[in-house]
Amino acid sequence: MIRENYNVLGVMSGTSLDGVDLAHIIFNYKNGVWVYNMLECQTVAYSDMWVARLREAVDYTKDKLEKLNNEYTVLLSGIIKTFIEDNAIKGLDAVCSHGHTILHQPQKGFTLQIGNKQELAKSIDITTVCDFRVQDVQMGGQGAPLVPIGDRLLFNDYSYCLNLGGFSNISFEDNGKRAAFDICAVNTVLNYYANKLGLPYDDGGRVAVKGKLVTEMYNELNGLEFYKKPYPKSLGFEYVKEVLLPLIEKYDTSVEDKLHTFTIHIAKQVANAINVLPPGKLLVTGGGAYNVFLLNCMQEFMPDTTIVVPDDKTIQYKEALIFGLLGVLKLRGEVNVLSSVTGAVGDHSSGVVFEV
């Protein structure tokens, strides 16, 4: 499938649990350069029932996980088919789908993204490229982050690419190699506390800004062992459940104070990661790019960094876009995972291709 033009659908479900992101993309490859055009894009929100199931699935038994995987695959195929029909999309070369991460334990050699079953390809009747993380973990890597190769190939105008999603992660060039790692939890924690107030998320950080800093909590968060580890390193929802939420819940204070304190903690950890690097342009994407309070805190901690918030499509669908690219690279038999960022034994072409 080596050619210059590819018509694909990138599909991503992130740890924020806000829904399934779908992006229709045309990729062109000319003179060693990848160019893309994002066409129709949409986020299909999960029902409350699905949010609850996906959140609690970390504790499921093997049998219960298999049932969830089957039912999620049916859900995902329906979402994809409806999106294609509603937008009258024709001639797709492939659907490139990340699935939804339930378990991520690379230290145990294990990661699970549901919805990456052959039944997905059969149901939508389109070649499907999926399950991008498993091979990397089998090769000794973290299975994350996978987006940095897309940052290198599509967004090399920026010194640094920061995603503020369920977790924050950053990628940049370091002596000719791509470096990348997870920094800290973001919307996995912020949304959890916004939900307690009956809100899907803290829009613009408007609730957080009303709270006050709980200094002891802030210091305890900043002292966590994960931040002292060298990269490559990655985080999963297990970390939120086992470490972060118990720490925060020890403090008898308002939800506003918890949101305020954790937002400043995020900004501090992002700044700690960036301030040791040369000043440059920082591209910020993901749902956290709309959190004005968070961005203002980041700028205060990073006065020498130029923060760039792009157009809405790039903010919301950059990961779906890049998983589209990862799928295309897999179809071409080319490297789509960088060992310099995951810690695997070598660069490789990851993912499973289900033909129809």
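**Exercise 1.** Find the residue that follows helix α11 and give the sign of its phi.

*Solution.* Step past the end of α11 and you land on Gly333. Its phi is positive, near 70 degrees. Keep in mind that this is a predicted model: local features need pLDDT of at least 70, side-chain atom pairs 80 or more, while totals for chains, interfaces and linings use all residues. Residues count from 1 along each chain as its sequence is written, and side-chain values use heavy atoms, leaving out hydrogens and water.

**Exercise 2.** Work out how the reach of α11 fits its expected span, then look for a bend.

*Solution.* First, locate α11 (helices are DSSP runs of H or I, at least four residues, numbered from the N terminus): residues 312–331, 20 in total. Next, go from first C-alpha to last: 29 Å, close to the expected 28 Å (1.5 Å times one less than the number of residues). Finally, look at Lys318, where α11 bends by about 65 degrees (the angle between axes fitted to the seven residues ending there and the seven starting there).

**Exercise 3.** Decide whether α11 is mostly covered or uncovered, and check its start.

*Solution.* Count the buried residues (under 20% relative accessible area, 1.4 Å probe, protein chains only): 15 of 20, so mostly covered. Now the start: a side-chain oxygen of Asp311 comes within 3.2 Å of the backbone nitrogen of Lys313.

Key: Helices (H or I, at least four residues) and strands (E, at least two) are DSSP runs, numbered from the N terminus. Buried means under 20% relative accessible area, exposed over 50%, partly exposed in between (1.4 Å probe, protein chains only). A polar contact is a pair of N or O atoms within 3.5 Å; within protein, one must be able to donate a hydrogen and the other to accept it, and residues adjacent in sequence count only if both atoms are side-chain atoms.
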